[in-house]
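Reader: I have a structure open and would like to go through it with you. Could we begin with the whole and then turn to single residues?

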Amino acid sequence: MEYNFKSIEKKWQNKWEKAKIFEVKKNKKRKYYVLEMWPYPSASGLHMGHAFNYIIGDIYARFKRMQGFNVLYPMGYDSFGLPAENAAIKAKSHPKKFTEDAIRNFIKQQKSLGLSYDWSRMIEAHKPDYYKWDQWIFLKMFEKGLVYRKEAPVNFCPKCNTVLANEQVHNGKCWRHEDTDVEIKYLKQWFFKITAYADELYENIDTLTGWPEDVKVMQKNWIGKSYGTEIFFEVNGETWNVFTTRPDTIYGVTFMVISAQHPELFKIVTKKQKEKVKEFLKKIKSTKKEDVEKEKEGVFTGSYALNPLTKEKIPIYVGNFVVADYGSGMVMAVPAHDQRDFEFAKKYNLPIKVVVQPSNAKFNQEKMEKAYEEDGKLVNSGKFTGMESNKARVVITEFLIRKGLGKKAINYKLKDWLISRQRFWGTPIPIIYCNKCGIVPVPEKELPVKLPENIKLTTRENPLKKCKKFIEVKCPKCKGKARRETDTMDTFVNSSWYFLRYCDPRNKKEIFNKKKVSYWMPIDIYIGGKEHACMHLIYFRFYTKFLRDLGLFEKKIDEPVINLFNQGMVHGEDGTVMSKSRGNVILPEEISDKYGIDTARLFLVSIASPKKDIQWNEEGIKGAFKFIKKIFNYFKSVKIGEVDEKTENKLNGTIKNVTNNIENLDYNLAIIKIRKFFDSLPEETSKNVLENFLKLLHPFCPHITEEIWEKLHKHNSNSTKFLSLEKWPKAGKINEKLLKEEKLIEKLIEDINNIFNILKKKEEKVKKIYIYSTPNEKKIFINNKDLINKKIGLDIEIFAVNEKNIYDPKNFAKKAKPEKPALYFE
């Protein structure tokens, strides 16, 4: 019986699939929902960096299944998107072909990894039976006033030839094309009013106890809840509500700044300044504040605002550091007390007026080198002078309210979600434009609005704009001539609810059955990268809350996920993250052919915690392969007999520790315990010990353990066919004294090996090792002398430190301590 890993892996993958053992139905068992973020099926397929993500999830799903949970572990594909469209343009073809070829390859690769998915639940975003429900959700949001269309300044990627949401702009560049500057365009676009849920999205973050803290902080900062005051400034006879968190500095306002993307900007730009403003706007690269505020720039609009308390006329500048929908899109600038405003004032030679002083110093506003942003006492502030600034914020706000010049306000950084995309390969927006009736939603009975299949893409321009069969329709209201919307939805729409469809993927009558979704949801563990913190991981929370408010759940489900796990990245041997563009990827097929996929699974989770970045290492994979072969060979020769007390005790301790390690996703620690236990196994032991060892190893190495399990039970007709469906072992009573002795021996062997390796490097030969221990511990070492000899391969002699005829030429015995024997190498 040789270890033919290729035939073993193929055999068990076929058996699992044929028996459909991972297909799951709602039942009375405790449920557990394990999910990885669904992948975009790229034409290049999977590499081991991707595989790492799925292996983490599969280990957990197998573990929970063996623990007796009814495990939902599905897979699907986020299959709309730009790469397939670009490939179709290049081949003058349709993106559907590229997408479905890629999906077939993904499925083949994922099955080869031994992943225990319920493939009967597979969903694909580009299929009409899925995106019909994207369109249905759009219509429901439209009914509830959460969808609207407006002309707005948008981020536009010339390479993608489409707009981008703020979350998709990174450092002024497109998230897909890091070499492409984003441009600003003014277009009529569709938005989801995610800001209607801003408060709940923000406040509920504290309830996400199973989420990483850094992701929660990122979401809080992105949503950005601020308590402050709206102050009413008069501009050209109109009132502008200007939000501030520092009303105590109202007397220090020396200029105002309006967003460069404000829709009403040119209402306040004078004729004289119009050309200068237009020239300035050409410089702006993004509507995202973080990307445009690095160097503060602006130009005078020609208009002034009236300070409601001082009655001073204050010049209004258009600037690149104010976002259009933060407050009213205009801010009051207090350069003495805001560093951003200070830099702007210095650059454009604008006045700086100190209105807050610290108690121990006085500022000369003409000699200030930076803004004073802390609290202090008000100066130059009319009747509020002398007041502490924290008290003044309250008093000035109350004064403004009494005078009808302001009000308390809460503001959010979060912007409404721009979902329009000027691309073909996405979900069509179910809207019709009629000259007589205006904007008309497509009736639900006419869903899905399908993408035409008889189209060939030849340019980056959306072909729907020229497809008469798609565009020309009758108005659902008046039956007159009308035209369809040709924009498609952002692909993040597709991924904002897919996890719910897995609960009932073949339902043709409704989006999903309430009972089924209420049984499976929320997701118990969700695995994916933290780079999605401010995109997908906010969007899918928003969708969950909206669908809850539609009454689609039988129980209260406020959040989609209980536990979020962010895996680390796999780096190639060159030290950089695995990427096709870097040319450092390792393909699953390469590893499977050379070492077997169980070896790759074991290696990936052995070298570090799954939440840490890891580096692919050929020597490491060889080590994992050697260990698996060692297991295979051991089971060829092991004799079935009785179990000794020491092995049974060690097994119980291992079961307890490995169970806790897997539960906490400390897979690397679990592997250490499993390896230590295996190394301690005698040449003869009980069948129960061998079975439990295989169960502990199974989630990590499912193929070889299934094979050995079958061989172990070939004469037992009462055994279940699959180790995958066996019960997870339970730890029996643990003799702590024995465990302590075992740890003492393990530590001694480790210390001896460490010193021996140091001496070996120095080319010093060792003939014998002397061990000096406390009298109580000598007996333990004597009883385990054969094991110690076997592990280190050298002759040893053991002494108690109080013996009379002790051999101790270097006087080392006096260094011995409890649990830390002294060592002498001769």
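**A conversation about the fold**

Author: Let us start with one residue: Leu 665 lies in the loop between α21 (645–663) and α22 (667–680). Please keep in mind that this is a predicted model.

Reader: Is Leu 665 buried or exposed?

Author: Leu 665 counts as buried, because its relative accessibility is 6% and the cut-off for buried is under 20%.

Reader: And what is phi for Leu 665?

Author: Phi of Leu 665 is near 60°, a positive value in a residue other than glycine.

Reader: Where is Asn 380, and what is its phi?

Author: Asn 380 sits in the loop between β15 (377–378) and α12 (389–402). Its phi is also positive, near 50°. With a relative accessible area of 44%, Asn 380 is partly exposed.

Reader: Now the whole. How many helices and strands does the protein have?

Author: There are 27 helices and 32 strands. The C-alpha atoms fill a box of roughly 105 × 75 × 50 Å along the principal axes.

Reader: What share of the residues is buried?

Author: Of the 826 residues, 57% count as buried. The accessible surface comes to about 38,200 Å², and 49% of that belongs to carbon and sulfur atoms.

Reader: What about contacts between residues far apart in sequence?

Author: Among contacts between residues at least 6 apart in sequence, 75% join residues at least 24 apart.

Reader: How many positive and negative side chains are there?

Author: The protein has 148 positive and 107 negative side chains. The centres of the two sets lie 4 Å apart.

Reader: Let us go inside. Which residues touch the most other members of the largest nonpolar core?

Author: They are Tyr 33, Phe 138, Phe 192, Trp 417, Tyr 498 and Tyr 526, in a core of 94 residues. Apart from that core lies another, of 87 residues, which includes Leu 604, Phe 632, Cys 701 and Trp 728.

Reader: What is Tyr 33 in contact with?

Author: Leaving aside neighbours within four places in sequence, Tyr 33 is in contact with Leu 72 and Pro 74, among others. Its contacts also include Phe 499, Tyr 502, Cys 503 and the run from Trp 520 through Met 521, Pro 522, Ile 523 and Asp 524 to Ile 525.

Reader: Pro 522 caught my eye. What kind of peptide bond leads to it from Met 521?

Author: That bond is cis, with omega near 0°. Pro 522 is found in the loop between α16 (514–520) and β24 (523–527). A cis peptide bond also joins Leu 447 and Pro 448, with omega at about 0°. Pro 448 belongs to the loop between β20 (438–441) and α13 (468–471).

Reader: On to the strands. How does β12 pair with β10 and β11?

Author: Strand β10 (residues 255–259) pairs with β12 in the parallel sense over four bridges, whereas β11 (residues 298–306) pairs with β12 in the antiparallel sense over six bridges. On the β10 side, Ser 259 has Gly 319 of β12 as its bridge partner. On the β11 side, Phe 300 stands opposite Tyr 317 in β12.

Reader: Is β12 mostly covered or mostly open?

Author: It is mostly covered: six of the seven residues of β12 (residues 313–319) are buried.

Reader: And what lies between β11 and β12?

Author: The two strands form a hairpin with six residues between them, and Lys 311 there takes a positive phi near 65°.

Reader: What is the order of strands in the open sheet that holds β7?

Author: The order is β4-β3-β7-β17, with antiparallel pairing. The edge strands are β4 (162–164) and β17 (417–418), each pairing on one side only. Within the sheet, β3 (residues 147–157) and β7 pair over 10 bridges, and Phe 156 has Glu 183 of β7 as its bridge partner.

Reader: Last topic: where is Arg 176, and what does it touch?

Author: Arg 176 is in the loop between β6 (173–174) and β7 (183–192). Not counting residues up to four places away in sequence, Arg 176 touches Leu 82, Cys 160 and Leu 164. The C-alpha atoms of Arg 176 and Lys 159 are separated by 9.4 Å, with the two residues 17 apart along the chain.

Reader: Why does Arg 176 count as partly exposed?

Author: Because its relative accessibility is 33%, which falls between the cut-offs of 20% and 50%.

Technical notes
Residues numbered from 1 in each chain as written. Predicted model: local features only at pLDDT ≥ 70, side-chain atom pairs only at ≥ 80, totals over all residues. Heavy atoms only, no water. Core = buried A, V, L, I, M, F, W, Y, C linked by side-chain atoms within 4.5 Å. Buried < 20%, exposed > 50% of the residue type's maximum accessible area, 1.4 Å probe, protein only. Contact = heavy atoms within 4.5 Å. Areas by Shrake-Rupley, 256 points an atom, 1.4 Å probe, with all protein chains shown as cover. Lys, Arg positive; Asp, Glu negative; His and termini not counted. Charge placed at Lys NZ, Arg CZ, Asp CG, Glu CD. Pairing = 2+ DSSP bridges.
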